[in-house]
Amino acid sequence: MSRGRIVKALSGFYYVENEDGIFQCRGRGNFRKRKITPLVGDWVEFEAENRTDGYVLSVEDRQNELIRPPIANVEQAVLVFSTEEPSFSSLLLDRFLIHVEANDIDPIICLSKVDLLEEEQQQMMQTYESTYRDLGYEVVNTSIYLDETIEALRPYLANKVSVFAGQSGVGKSSLLNALKPDLDIETNPISKSLGRGKHTTRHVELIPIEKGYVADTPGFSSLDFEGIEADELGMYYPEMRERLNDCKFRGCTHINEPKCAVKAAIENGEIAQHRYNHYLQFVEEIQSQKRRY
Ligand SMILES: Nc1nc2c(ncn2[C@@H]2O[C@H](COP(=O)(O)OP(=O)(O)OP(=O)(O)O)[C@@H](O)[C@H]2O)c(=O)[nH]1
Ligand SMILES: [Mg+2]
Ligand SMILES: [Zn+2]
């Protein structure tokens, strides 16, 4: 028996890596009954007589786990958002940020395809950029056609397990190819008729890079708040978290309460209106999800 990390999951197989290499394994027979689903990133005990017929015997406790993309034990998430094709969505970015905050994962905001940015949108993107920087998030601008931007991203990946997450077509796989040209991962032009990607990447895989790992993942466009309660949402907004003690009422939800420090900060421009609007939308969404059950 040995210990290793799942670096890829595909067609019912788990690919487990240890110091001797990678072993193709199946899950132990009783996993399904015990509702155990091994994830990429998991540390496992496995048994393998050869490279292709191993068995994952048990899964160690996880530091964290994401449902979309399905991956465990991630330290950092590179949230890839293209400025164009598909166009930037601050709503989706705020959703992602809440998920990584709730899972104790450090986010890096990567604004990709900056070569496509038209002059008219530059001002808007700069405003977003400084909003998120002011919240304490790292923001990196990249284009696979500008080597210096790829090199600016590289140091963030050293010695860590990072996941590249974002909508289909934003250029996650392209960025990994640019960082590590021998990878040659499949990428695809976005569909002109749909205006979005065609889901080129279909599985999650950990790739060794800079003495760490990066996970390429399939893109997705929706992300719900399963497992996140409306009243904890404010904890995942740095600008609300830091004002928590300034609201008059303990447990203030920053919606209808008087003497709310968050609403005061919106009034005087210290909190971005779009962040708060999204907050209201998310609270509403979580509540209506609840009502459905
Ligand atoms: N102009 C420009 N195009 C890019 C850039 N990065 C990626 N693309 C293009 O965007 C398209 C989609 O790129 P992918 O890397 O397949 O996107 P992805 O995020 O991996 O998509 P999924 O695997 O479907 O989730 C391809 O046609 C790329 O050539 C960039 O920096 N600039
Ligand atoms: Mg891809
Ligand atoms: Zn408040």
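Nonpolar patches are made of Val, Leu, Ile, Met, Phe, Trp or Tyr residues with over 30% relative accessible area and no salt bridge, their side chains joined within 5 Å. The views below show a predicted model.

**View 1. A nonpolar surface patch formed by Ile-144, Tyr-145 and Leu-146.** Together, these three residues present about 300 Å² of accessible area. Ile-144 is located in the loop that runs between strand 10 (138-141) and helix 3 (147-153). Its relative accessibility is 36%, so Ile-144 counts as partly exposed, a class that lies between the limits of 20% and 50%.

**View 2. Parallel pairing of strand 9 with strand 10.** Strand 9 covers residues 106-112 and is joined to strand 10 by four bridges. One residue pair in this view is Leu-111 with its bridge partner in strand 10, Asn-141. Between the two strands the chain passes through helix 2 (residues 119-134), giving a β-α-β crossover that is right-handed.

**View 3. Protein donors of the magnesium ion (ligand 2).** The donor atoms are OG of Ser-173 and OG1 of Thr-201, at 2.0 to 2.1 Å from the ion. The two residues are 28 residues apart and link distant parts of the chain. Ser-173 belongs to helix 4 (residues 172-179), whereas Thr-201 sits in the loop between helix 4 and strand 12 (205-209).

**View 4. Burial of the donor residues Ser-173 and Thr-201.** Ser-173 has a relative accessible area of 8% and is therefore buried. Thr-201, with a relative accessible area of 15%, is buried as well. The limit for this class is under 20%.

Key: Residues numbered from 1 in each chain as written. Chains lettered and ligands numbered in written order. Predicted model: local features only at pLDDT ≥ 70, side-chain atom pairs only at ≥ 80, totals over all residues. Heavy atoms only, no water. Patch = residues over 30% accessible without salt bridge, like charges linked within 9 Å, V, L, I, M, F, W, Y side chains within 5 Å. Areas by Shrake-Rupley, 256 points an atom, 1.4 Å probe, with all protein chains shown as cover. Salt bridge = Lys/Arg side-chain N within 4 Å of Asp/Glu carboxyl O. Buried < 20%, exposed > 50% of the residue type's maximum accessible area, 1.4 Å probe, protein only. Pairing = 2+ DSSP bridges. Right-handed = clockwise from strand over helix to strand, strands pointing away. Donors = N, O, S within 2.8 Å, 3.2 Å for Na, K, Ca; no water.
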